[in-house]
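Grab a coffee and open the viewer. Here are a few short exercises, each with a solution worked through in steps.

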Amino acid sequence: MSFKKGFLAKEGKHFQKWRDRWFVLTDSALHYYTGKNEKTQKGMISLDSCMCRPSTRTTPSFCFEVVTPKRTFFMASTTQEEFDEWIQAIRTAARACSGCSQRAHANRCVFERRAKDVGDTTEAVEEEEVMEAENAVRVYAAPPPDDSIRLSSKEKRPVPEDPLTPDARRSRPFRERQHYRYSQLRRRPLPEDVDAERLEDFLNDEEFCQVFKVPSRSHFATLPDWRRLELKQDVGLVQSIFVFKKK
């Protein structure tokens with residue numbers, strides 16, 4: 001199933017020449033062809049662990065880039081409207097693809113655990129266990145309703161008396177820190193004991209997974225730096241804007 005199709009200019013890998021390609025966006029990849037008939041495919045960009053963003057290049061106009069772990073692809077549209085539509089569509093498909101990867105990983109874990117327990121091959125795994133694993137991950141992979149992270153600003157937790165200074169409280173281990181609601185970390189000024197560069201550390205585990213749409217903190221920590229930064233920017237938990245340097 002394709003989400004979006006259209007012509008875009010694409011920069012070549014070796015000679016940096018720009019050529020018009022016909023792009024087809026699916027739920028797992030961005031395919032590009034020599035023509036609209038889609039007979040000759042020139043390549044495919046996997047959406048797993050990728051990021052789409054406007055390019056800092058001034059030419060050509062309406063240039064954006066798709067960053068993958070192995071390569072950065074540069075593309076350009078002809079209008080501002082197409083530029084916005086493509087970036088939004090690619091980001092949406094990439095998030096959906098990331099959720100599918102999490103479900104596949106959960107399935108593999110179930111197979112390995114069951115095979116280890118019974119000393120048999122993966123065929124010994126019962127179908128019910130696989131479905132349970134998929135359902136467990138789907139709770140985190142599916143985007144929650146907008147109201148789920150719009151927490152009431154009137155709800156304030158009582159702050160216990162703490163003899164430590166703000167700097168000492170910021171340096172305490174994670175389990176000993178004072179946790180705040182998502183809405184409190186979005187407001188300014190921040191509480192004295194909050195490190196503005198690591199706002200996500202001051203969410204409790206349940207709200208952390210709900211806000212970032214990840215199964216756990218450990219999963220969030222395994223993501224590339226650029227992906228974690230993008231997620232923090234999307235939910236407004238970043239104090240400053242970093243500039244990506246071209247390699």
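The exercises below look at cysteines, a cavity, a helix and a loop residue in this predicted model.

**Exercise 1. Work out how many disulfides the model has, using Cys 50 and Cys 52.**

Solution.
- Start with the cut-off: a disulfide needs two cysteine sulfur atoms within 2.5 Å.
- Now take Cys 50: its closest cysteine sulfur is the one in Cys 52, and the gap is 7.4 Å, so that's too far for a bond.
- Coming from the other side, the closest cysteine sulfur to Cys 52 is in Cys 50, again at 7.4 Å and too far.
- The total for the model is 0 disulfides.

**Exercise 2. Decide for Cys 50 and Cys 52: buried or exposed?**

Solution.
- The bar for buried is a relative accessible area under 20%.
- Cys 50 comes in at 3%, so call it buried.
- Cys 52 has 2%, so it is buried as well.

**Exercise 3. Find the largest cavity and say what lines it.**

Solution.
- Searching the whole structure for cavities of 30 Å³ or more turns up 1.
- The space in the largest cavity is about 40 Å³.
- Its lining includes our two cysteines, Cys 50 and Cys 52, along with Met 51, Arg 227 and Glu 230.
- Ile 90, Arg 91, Ala 94 and Arg 95 are also among the lining residues.
- Next, sort by element: β5 (51–54), α1 (80–118) and α7 (225–234) supply at least two residues each.
- The top contributor is α1, with 4 residues.
- Finally, sort by class: you get 5 nonpolar and 4 charged residues, with no polar ones.

**Exercise 4. List the buried residues of helix α5, then check the backbone just after the helix.**

Solution.
- Helix α5 covers residues 205–212, and its buried residues are Glu 207, Phe 208, Cys 209, Val 211 and Phe 212.
- Step just past α5 and you hit Lys 213, whose phi is positive, at about 60°.

**Exercise 5. Describe the surroundings of Glu 38.**

Solution.
- First, place it: Glu 38 sits in the loop between β3 (29–33) and β4 (41–46).
- Its relative accessibility is 28%, so Glu 38 counts as partly exposed.
- Leaving out residues up to four places away in sequence, Glu 38 touches Lys 5, Trp 22, Val 24 and Tyr 33.
- With Lys 5 there's a side-chain to side-chain polar contact of 3.3 Å.
- For a backbone check, use Phe 23: it is 15 residues from Glu 38 along the chain, and their C-alpha atoms are 9.0 Å apart.

How values were computed: Residues numbered from 1 in each chain as written. Predicted model: local features only at pLDDT ≥ 70, side-chain atom pairs only at ≥ 80, totals over all residues. Heavy atoms only, no water. Buried < 20%, exposed > 50% of the residue type's maximum accessible area, 1.4 Å probe, protein only. 1 Å grid on protein atoms, 1.4 Å probe; cavity = no way out; pocket = protein on both sides within 12 Å on 5 of 7 lines; lining within 4 Å. Points joined across faces, edges and corners; volume = space filled by probe spheres on them. Nonpolar A, V, L, I, M, F, W, Y, C, P; charged D, E, K, R; others polar. Contact = heavy atoms within 4.5 Å. Polar contact = N/O pair within 3.5 Å; in protein donor to acceptor, adjacent residues only side chain to side chain.
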